[in-house]
Amino acid sequence: MAKKITKALIPAAGFGTRFLPQTKAMPKEMMPLVDKPIIQRVVEELVEAGIETIVIVTGWNKRSIEDHFDNNSELEQKLLATGKNAELETVQNVSNMAEFVYLRQKGVIGNATPILNARHILGDDPFMLFWGDDFVDATPSRAQQLMAAYEKYQTPIMGGIKATKESDYKKYGFAGGEEVEPGVIRVNRIIEKPGSPENAPSDLATVSGCVLTADIYEPLLEAQAHLEDGEELHYIMGLERLLDQGVHVVELQNAVYRDTGNKFEYLKTITEYGLSHPEFGAEYQQYLQNLMNKE
């Protein structure tokens, strides 16, 4: 029987250079989605799926992430004294969602280094690896779909979304292999940014999160030992060394990928979230319509 997944890792040490100068002082993970930061949207998905412990690996300029998920007694007292009970409940819920563990990233550059940094906390348990500046809107949630696949196959599970345009092949990694059931591939090769559909092993882009097992640590250490000068350590390097043992990619169903680390995609996400906001969505839609009519 597969171990239950109760831990998650969110690497959040990047500089967010695509959003400079905004991210010079504010982490990209704290960019707002109307009234909550992106990383809170990610954390909420994890918690709703049953995650209890969330390890966030940060860098020197990411203290505001820790502050956001911490208790703020002065703010809470102010809200209580002014009768803002709904706002008080909101900020308390943010702090109480999960057990948060914070680490500073140390080691070589790359998105796999946080995995090695957190090894002593994650231990032998399977864990979710999600990013703090992108996510997927899906039903069931991305986390729930990945967990269900892990329970069935008991291997590392990558999330996949079908490419919709040729430029996707220049931005994402693609996995190919044997289709063991509709929408599920046992992976035998992964190609990062193949450049075109002709060079890709499938049309399934591996984006935005996965389930990893303790088997990933040694392959990552091996990959790290063989890095060339200036080469970054990527988690895919570890997965590639596990393909013979079994790695699956699952096409996420009813899914919309939100690459909020991209300026245009971020603006699109803000607009869609604004339109669906229960407080002012209808008014915002009318505003946009009026704005377009002026043109």
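Modeller: Let's start with a term: a salt bridge is a side-chain nitrogen of Lys or Arg within 4 Å of a carboxyl oxygen of Asp or Glu. This is a predicted model, and it holds 15 salt bridges.

Colleague: What makes Asp67 and Arg63 a salt bridge?

Modeller: Their side chains come to 3.3 Å, N to O. The cut-off is 4 Å, so the pair counts. Both residues sit in helix α2 (residues 63-68), four residues apart, which is about one turn of the helix.

Colleague: Are those two buried or exposed, and how do you know?

Modeller: Exposed takes over 50% relative accessible area, and buried takes under 20%. Arg63 has 51%, so it counts as exposed. Asp67 has 43%, so it lands in between, as partly exposed.

Colleague: How do you know that Glu272 and Arg258 form a salt bridge?

Modeller: Again by distance: the closest N and O atoms of Glu272 and Arg258 are 3.0 Å apart, and that is within the 4 Å limit. Glu272 belongs to helix α10 and Arg258 to strand β13 (residues 255-258), so this pair ties together parts that are 14 residues apart in sequence.

Colleague: Why is Arg258 called buried, and what is Glu272 called?

Modeller: Arg258 has 9% relative accessibility, so it is buried, the limit being under 20%. Glu272 has 38%, so it is partly exposed.

Colleague: What about Glu265 and Lys268, where do they lie?

Modeller: Both are in helix α10, three residues apart, about one turn of the helix. Their closest N and O atoms are 3.2 Å apart, and they form a salt bridge too. Lys268 is partly exposed, at 33%. Elsewhere, shared partners join Arg41, Glu45, Asp137, Arg142, Arg258 and Glu272 into one network of salt bridges.

Colleague: On to the rings. How many aromatic pairs does the structure hold?

Modeller: Eight. One of them is Phe100 with Tyr102.

Colleague: Why is the pair of Phe100 and Tyr102 called stacked?

Modeller: Their centres are 6.4 Å apart and the angle between the planes is 10 degrees. Pairing needs centres within 6.5 Å and stacking needs planes under 30 degrees apart, so both tests are passed. Tyr169 and Phe174 also have planes at 10 degrees, with centres 4.4 Å apart, so they are stacked as well.

Colleague: Which of these rings are buried?

Modeller: Tyr169 and Phe174 both are. Phe100 is too, because its 16% is under 20%. Tyr102, at 25%, is partly exposed. Phe69, Phe100 and Tyr102 make up one aromatic cluster.

Colleague: How do you know that the charged end of Arg142 sits over the ring of Phe130?

Modeller: The charged end of Arg142 is 3.6 Å from the ring's centre. The distance limit is 6 Å, and the charge must also be within 35 degrees of the ring normal. The pair is classed as sitting over the ring.

Colleague: Last topic: what makes a nonpolar core?

Modeller: Buried nonpolar residues joined through side-chain atoms within 4.5 Å. The largest one here has 49 residues, and Leu46, Ile54, Ile56, Phe69 and Met128 have the most contacts inside it. Elements supplying at least two residues each include β1 (7-12), α1 (38-48) and β4 (53-58). Another core, of 36 residues, lies apart from it, with Val55 and Tyr217 among its members.

Colleague: Which residues does Ile56 contact beyond its neighbours within four places in sequence?

Modeller: Among them are Ile10, Ile39, Phe69, Phe100 and Tyr102.

Conventions:
Residues are numbered from 1 along each chain as its sequence is written. This is a predicted model: local features need pLDDT of at least 70, side-chain atom pairs count only at pLDDT 80 or more; totals for chains, interfaces and linings use all residues. Side-chain values use heavy atoms; hydrogens and water are left out. Buried means under 20% relative accessible area, exposed over 50%, partly exposed in between (1.4 Å probe, protein chains only). Contact means heavy atoms within 4.5 Å. Rings of Phe, Tyr and Trp (its six-membered ring) pair if their centres lie within 6.5 Å; planes under 30 degrees apart count as stacked, over 60 as edge-to-face and the rest as tilted.
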